[in-house]
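Please open the structure in a viewer and keep the selection panel at hand. The tour below proceeds by selections, each followed by a description of what is found there.

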Amino acid sequence: MTSTFTYTADFREEFAAETASLLRRRFILFAVANLALFVLTYFCLPLFSTLLVVFSERPGEKLNDQLETVLAAYFTNRGGLTAIILLTIAQCAIVLASVSSVRRRNLGPADLAQISQWVFFCMGAVSVASSIFVHSVGFPWLLAASHLLASLMLPWDPRQAIRPMVPLLILNAATILAFTGWPVSVRFIMLTVSALSAVPGSAACILRHSRRTERFKLRFLQNRYGQIRRELTDARRIHESLFPKPHNRGPVRFDYRYEPMRQIGGDYLYAKFSPVQPGAAQALNALLIDVTGHGIAAALTVNRLYGEVERVFAEDPHASPGDVLRALNRYVHLTLANHSIYATALCLRIDPTLGKLEYASGGHPPAFLRAVDGTIDQLPSTSFVLGAVGNDLFDPGQEMRRFGPGDTLVAYTDGAIEARNENGRMLGVAGLERILASAPPAFDGGWASVIVSAVEAHRLGPATDDTLVVEIVRMLGLDTDSVKTGRARTRGEAPATV
């Protein structure tokens, strides 16, 4: 992990929860192991050493006589045996009381850490006191071993590891000064050795805590990444459910391809046929929107604009492109521009009955109108980017073009023309126009697929912007049937919708 990792509140909470879980599981084991270390030090090792001495000095005696000599020597040399037994009982009492407290009470991580430090201090104090009775004052190896054991078993941070050790070292230093008659130089050496007894455990604690933190960071980021990926997948499904389904029947048909830069993006297509009118085919209303920015923020903005577009067409299903663009500019200027969020938009209305295309473009890249004879006409922007100026200064500049049978309209967002090759050269508007100047493909998998494939072939590396390509075509030979169908629907049949 890098030093730029941010310790967020949820990271701290989860790390504390893991620490508490580890403390609960390992605390009892540590307490029992520390008690066993104490018993081993003050009972088993002295008895074993006495056995070795006696058996080596009297190899010819009978076994019973040797054992009697061992026990006599052990008890004779252990003048403080009663005190050691009492201190052992105190160690057991500390263990039982702490274990009972941890198991009965629902303690938080801070309380568990504090109890573990107090237990270590109490057991260490007993060990220091025991050294007085066995004449091992100044040799704090048991304290160092106990501290190392705690640092290896308990999930302490370095501060928690050193905090109980400081008063124990002071207590051990006091026993050296009060219960030994050594020269000053020897006492100084023993005080230094005593102070160094905290080094092994502290070093082990620093290393273990650092490694545990790094491992937890990795797990935390992996879990968060997986969670975000799942949420983005759900968000993309919801976001793309706002898009219309491709329409492949009737005189006016459309298809599109959408490739967001990330899992979700800020491009959007709205398409809906107007309610049928007597003696006329249904007109198609289409709107391409490209919000500034990428990813989740842009997708949330699109969701807001979607609601406004729905409101506009619900109030007037036959709204002209200029009126729609003006309403969207007012909405963006009043609600989104304060947050430096703007949008480009291309609003279209295609009426196959009148054979015309009306459009208004607010800062959007030029669309292409490809006639049935292969000639190409650009539809440039007619007004400002949405939200740049207030409604009193905004003129949508609606224009009209002929849209006859066999004509095709191709519109797109700037991700298509800003794709760069290995030389850093963008595909550009001219590049798209060259693609459209080639032989026309079939409608199924038509210009939208061809342009997206050309963009991907031109682009080096991952996409740097969302890409949306829309194709609207007026089919040959279907207009008369469509008008008849429209007349039939006025007698009671439901109109086609997208």
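The stops run from the whole chain to two sheets, the nonpolar cores and a pair of helices.

**The whole chain**

Begin with the entire chain, bearing in mind that this is a predicted model. Its secondary structure comes to 14 helices and 10 strands. Of the 498 residues, 47% count as buried. Among contacts with a separation of 6 or more, 73% are accounted for by residues 24 or more positions apart.

**The sheet that begins with β2**

Select strands β2, β3, β4, β5 and β8, which form an open sheet in the order β2-β3-β4-β5-β8 with antiparallel pairing. β2 and β8 (399-402) stand at the edges; each has a single partner strand, so one side of each is left without a neighbour in the sheet. On average, neighbouring strands of this sheet are turned by 15 degrees against each other, direction ignored.

Next, select residues 267-273, strand β2. Here 6 of the 7 residues are buried, so β2 is largely enclosed by the rest of the structure. Add residues 284-291, strand β3: the two strands pair in the antiparallel sense over 7 bridges. To locate one of these pairings, display D267 together with its bridge partner in β3, D290.

Continue to residues 343-351, strand β4, which is joined to β3 by 8 bridges and runs antiparallel to it. The residue to show beside V291 is A343, its bridge partner in β4.

Two helices may now be added to the view. Helix α10 (residues 295-315) packs on the sheet and touches β2, β3 and β4, and its direction makes about 155 degrees with that of β3. Helix α11 (residues 321-335) also packs on the sheet; its contacts are with β3, β4 and β5, and its direction makes about 20 degrees with that of β5.

**A stop at S361**

Select residues 356-362, strand β5, and pick out S361 within it. Is S361 buried or exposed? Its relative accessibility is 0%, so S361 counts as buried. With neighbours within four places in sequence left aside, S361 is in contact with L325, A345, L346, P380, S381, T382 and S383.

**The sheet that begins with β1**

Hide the preceding strands and select β1, β10, β9, β6 and β7. These 5 strands form an open sheet in the order β1-β10-β9-β6-β7, and the pairing is antiparallel. The edges are taken by β1 (252-259) and β7 (376-379); each has a single partner strand, so one side of each is left without a neighbour in the sheet. From one strand to the next, the twist averages 15 degrees.

Start at the β7 edge by selecting residues 367-370, strand β6, which pairs with β7 in the antiparallel sense over 4 bridges. R370 has I376 as its bridge partner in β7. Then add residues 428-436: this is helix α12, which lies across β6, β7 and β9 (408-412) and runs at about 20 degrees to β6.

Now select β9 itself. How many of its residues are buried? The count is 5 of the 5, so β9 is largely enclosed by the rest of the structure. With side chains displayed, T408, V410 and Y412 point one way, whereas L409 and A411 point the other way, and all are buried.

β9 can be followed to strands on both pairings described here. It is joined to β6 by 3 bridges, the two running antiparallel, and L369 stands opposite L409. It is joined to strand β10 (residues 467-474) by 5 bridges, again antiparallel, and here L409 stands opposite I472.

**The nonpolar cores**

Keep I472 selected and add I289. These two residues have the most contacts inside the largest nonpolar core, which has 49 residues. With neighbours within four places in sequence left aside, the contacts of I472 include V252, F254, L284, A286, L348 and I350, together with F403 and L409. A second, separate core has 35 residues, among them F27, L87, F120 and W156. In soluble globular proteins, nonpolar side chains tend to be buried together.

**The helix pair α5 and α9**

Finally, select residues 141-153 (helix α5) and residues 199-240 (helix α9). Their axes come within 8 Å and cross at roughly 5 degrees. That angle makes α5 roughly parallel to α9. At the contact, H147, L148, S151 and L152 in α5 meet P200, G201, S202, A204, C205 and R208 in α9. By class, this contact has 5 nonpolar, 4 polar and 1 charged residues.

Notes
Residues numbered from 1 in each chain as written. Predicted model: local features only at pLDDT ≥ 70, side-chain atom pairs only at ≥ 80, totals over all residues. Heavy atoms only, no water. Buried < 20%, exposed > 50% of the residue type's maximum accessible area, 1.4 Å probe, protein only. Pairing = 2+ DSSP bridges. Contact = heavy atoms within 4.5 Å. Axes fitted to C-alpha atoms, helices over the stretch in contact; angles between N-to-C directions. Core = buried A, V, L, I, M, F, W, Y, C linked by side-chain atoms within 4.5 Å. Parallel < 35°, antiparallel > 145°, perpendicular 65-115°, else oblique. Nonpolar A, V, L, I, M, F, W, Y, C, P; charged D, E, K, R; others polar.
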